[in-house]
Amino acid sequence: MSGPNLTHEEAAARSALLSVTSYEVGLDLTRGPAAFRSTTLIRFTADPAGPSATFAELLAEEVHGITLNGRPLDPAAVHRGGRIHLDALAAENELLVVADCAYSHTGAGLHRSVDPVDGKVYLFTHFEVQEARRVFTTFEQPDLKAPFTFTVTAPASWTVLSASPTPRPEPAPDGAAVWRFAPTPPLPTYLTSLVAGEYHLVSDHYTAKSGQEVPLRLASRASVAGHLDAEELFETTKRGLDFYLEAFGTDFPFAKYDQVFVPEYNLSGMENAATVILRENFVFRSKVTDAVRHRRAATILHELAHMWFGDLVTLRWWDDIWLKETFATYMSVRAQVATTRWHDSWTGFATADKANAYRQDQLPSTHPVAGPAADIEQALENFDQITYYKGASAIKQLVTVVGEEEFLTGMRTYFARHAWGNSTLADLIAALEQASGRELGGWAREWLGRAGVNTLRPEYTVDDEDRFTSFAVLQEAPAEHPYLRAHRLAVGLYSRREGALRRVGQVRVDVSGARTEVPALLGTARPDVVLLNDEDLTYALIRLDPHSLSGLLDSPDGVGAFTEGLPRALAWAAAWDMVRAGELAAGDYVHLVLAGVDSESDTEVVQTLHSTLLTSLDQYAAPQSRRQLRAAVAEAARRRLTSSAPGSDIQLAWALLLARVSGTATELRLIAGLRDGSVEIEGLVVDVELRWALLAALVRGDQAGPAEIEAERLRDGTTAGAEYAAGALAARPDAEAKAQAWEAAVRKDVGNGTRRALIGGVHSPIGLGIAQGCQRELLRPYADRYFAEIGEVWARRSPEVARTLVTGLYPRLLVEQETVDRTDAYLAEAAPPPALRRLLTEARDEMSRALRAQGVDAAARG
């Protein structure tokens, strides 16, 4: 991490001393491609009874002047290590700082990108958690909110956006112009923003039922403007505004709402006040599946919800980060269900998002939803699936406890009480208790204040007539977090009727402790499948009992026999976690998926299952089983290319999977034919994205090389094409290719998208990059290099880049005890910083899990 790591103790002391009145920030973007001039005037008060000294933050190339209350300070004396040390404070203070700051190429601070298509320059900011100090002088903590007034000098041909509506630019010398923005409402530094460059703009407006008018704009690079489907994007936004304004009982907090699609971004989106940043991948150059469009809508609605959760009311410190992310996630799913065509979004949530939370919650680094954040580094660690998806699951359960209307009434009270200020968990609980008349402190401690996930199993006996003579729900907790929660859930009973699994019974149960008897089921006929947590009412791992599991494995359609999507999603999730826990062989899981996947019409579920198949082949299947299982998956994908509805999203999903798993000469001939047009399949359009996926398969199989990659790059002609080309070169089965890719990813200053493509693995959905399951021996030397170099990577790279490299280059495909031992040795000998130690400990846990799964799979195969 560049610059000091702000601690909670320091932040609390500073907020007790200071109150910030206003910021005036002047940025001159006409001074060349390396740096910009930053002029900051901060007005603030200090408690006369408190200390007379404090500090501000600034990361700059050169500081030209620092003046406190008219008194010049020597920058060499007071600006040290990213902090400006201030003393002799008055009751009312003015701090003026003039500096040159560097443009970023890592997605943090003020990022500068040049489009290779037309040479146009694009700038955007990303400030969360403490990156505003790279652009202007700050008191960089969320509870020192203040109005911001930005003045920006830039080329007159540019578009300039910020949190306030864009003013008419004033002419300036040398082809420049000056934009003088009106003051913002009180904001924390991390939610301010600047977007500048030759952006393409599309405008619309929203009229609320109250009569409030909200101008809407979309912005993108000019080279992708033709792919910007503004109608769908505006429609999603307007429907979300309708939903949130009614739910929250308040007007939209800002004077306008811009959504900007940018290249080389590290995140899916960021909720900057009134100027949301979104990853350019959401501007679709080719046909994408409905699941991808759904994910984009979910992100749009998530960031829109943040205009209330996070922007209007801001967390006091980063230990309450869940306060914004959990609620934005939960409310976005509700908005999807209520306002979009994805009415079954809770099924997708259970299949993908909640599954990610379960995985994170089983790692050694698990933490409470409302976890501690002693400093900024620990806060960054907690931006994870627990914060987003376990928290949303807990809130969903809370709503069933307090009631729908009571929950919304509590939210309206919360917003009214804390508008433009800061809040804590206690503030939220107080508002919900007032609305519901219930004491919720115990619920908060149990679900938000404790780490780990419980596992629930059915246990029963039956008589000669196959009727239950006993039935209990068993609850387990991991040894590290031995807490058994209270769960309100349903037990679903499913039996085959007319060839399908239909619910034939259900009982509601309040589970607590290690064993909960369910007398209501005594005398009931045992069904074909017992499904705990039917309707997905609680947050817990569930297990299928031996009778239910064997019935699903032995039937020709398996999980696909369920007539409804949510029970299928729960059964898929249970089976997958049993693989990860070493309770079900990976090979059995692969066959279970291939037997039942045709019943899924939701592309998000299908592609999630495809992802688990790839993980099974790469990490969980025994080495001696991989070839046979890969062939089975490839054949299933080939057959479904022609059996799926022509032109459907499902057909495209199977085409993408086929490209990922093809390896034999016969399979690669089909791939080559699809790419060059000599093989045609009804409805399948081989557009630019699918062409790259097919080329990646040929490159991995050594059937295409640098010439074909360069030809495709030139044909594509975009930034995305250049990134794909870099990843394709890295995917070649060649030692020199791996060495060049490693050097570029680790050593060179490449763009974020290029680095992710070079690394591959989870960073490349079409299978580009260094990490290839069919090239394990080529990757073996890089295990040594990884442990030799990650310390330096962590020390010199920005947090986002360092995390990408550390997680992406870990030798996860070398599923061997030696990889675990090397990780242990590094942890013991190198004494890595806490955040790096956490990432390595997580990777080690996943490696141990993969080793266990491979042992189970090997034993099942005899």
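Are Arg 849 and Asp 845 buried or exposed? Both Arg 849 and Asp 845 are buried, and the two also form a salt bridge in which the closest N and O atoms are 3.8 Å apart. The model described here is a predicted one, and it holds 71 salt bridges. The points below take up a few of these salt bridges, then an open sheet with the helix that lies across it, and finally several other helices and strand pairings.

**Salt bridges and charged residues**

- Arg 849 and Asp 845 both belong to helix 28 (residues 834-860), and because they are four residues apart there, about one helical turn separates them.
- A network built from salt bridges with shared partners takes in Glu 743, Arg 747, Arg 785, Glu 789, Glu 792 and Arg 796.
- Arg 508 is paired with Glu 535 in a salt bridge whose closest N and O atoms are 3.2 Å apart; this pair links distant parts of the chain, since Arg 508 sits in strand 26 (residues 500-511) while Glu 535 sits in the loop between strand 28 (529-532) and strand 29 (541-542), 27 residues apart.
- The partners in that pair fall into separate accessibility classes, as Arg 508 has a relative accessible area of 54% and is therefore exposed, the cut-off for that class being over 50%, whereas Glu 535, at 26% relative accessibility, counts as partly exposed.
- Helix 28 also contains Arg 838, which is buried with a relative accessible area of 10%.
- Leaving aside residues up to four places away in sequence, Arg 838 touches Gln 360, Ser 365, His 367, Glu 381, Asn 382 and Asp 384.

**The open sheet and helix 3**

- Five strands make up an open sheet with mixed pairing, and their order is 16-17-18-20-19.
- Strand 16 (200-207) and strand 19 (269-270) are the edge strands of this sheet, and because each has a single partner strand, one side of each is left without a neighbour in the sheet.
- At one of these edges, strand 19 runs antiparallel to strand 20 (residues 275-279) and is joined to that strand by two bridges; Gly 269 has Leu 278 of strand 20 as its bridge partner.
- Helix 3 (residues 230-248) lies across strand 16, strand 17 (213-220) and strand 18 (257-262), and runs at about 35° to strand 16.
- A salt bridge between the side chains of Asp 204 and Lys 238 has an N to O distance of 3.0 Å; since Asp 204 lies in strand 16 and Lys 238 in helix 3, this pair ties together parts that are 34 residues apart in sequence.
- Both members of the pair count as partly exposed, Asp 204 at 27% relative accessibility and Lys 238 at 22%.

**Helix 23 and its surroundings**

- Eight of the eight residues of helix 23 (residues 752-759) are buried, so this helix is largely enclosed by the rest of the structure.
- The buried residues of helix 23 include the neighbouring arginines Arg 755 and Arg 756, alongside Asn 752, Gly 753, Thr 754, Ala 757, Leu 758 and Ile 759.
- Among the elements that cover these buried residues are strand 9 (109-114), strand 20, helix 21 (719-730), helix 22 (735-747) and helix 26 (799-808).
- Gly 760, which comes just after helix 23, takes a positive phi of about 80°.

**Helices 8 and 9**

- The axes of helix 8 (residues 385-402) and helix 9 (residues 404-418) come within 6 Å and cross at roughly 115°, which means that helix 8 is roughly perpendicular to helix 9.
- Where the two helices meet, Ile 395, Val 399 and Val 402 of helix 8 are in contact with Glu 404, Glu 406 and Phe 407 of helix 9; by class, this contact has four nonpolar, no polar and two charged residues.

**Strand pairings of strand 8**

- Strand 8 (residues 92-102) pairs with strand 2 (residues 35-46) in the antiparallel sense over 11 bridges, and in this pairing Ile 42 stands opposite Leu 95 of strand 8.
- Strand 4 (residues 62-68) also pairs with strand 8 in the antiparallel sense, here over six bridges, and the bridge partner of Leu 68 in strand 8 is Leu 95.

Technical notes
Residues numbered from 1 in each chain as written. Predicted model: local features only at pLDDT ≥ 70, side-chain atom pairs only at ≥ 80, totals over all residues. Heavy atoms only, no water. Pairing = 2+ DSSP bridges. Contact = heavy atoms within 4.5 Å. Axes fitted to C-alpha atoms, helices over the stretch in contact; angles between N-to-C directions. Salt bridge = Lys/Arg side-chain N within 4 Å of Asp/Glu carboxyl O. Buried < 20%, exposed > 50% of the residue type's maximum accessible area, 1.4 Å probe, protein only. Parallel < 35°, antiparallel > 145°, perpendicular 65-115°, else oblique. Nonpolar A, V, L, I, M, F, W, Y, C, P; charged D, E, K, R; others polar.
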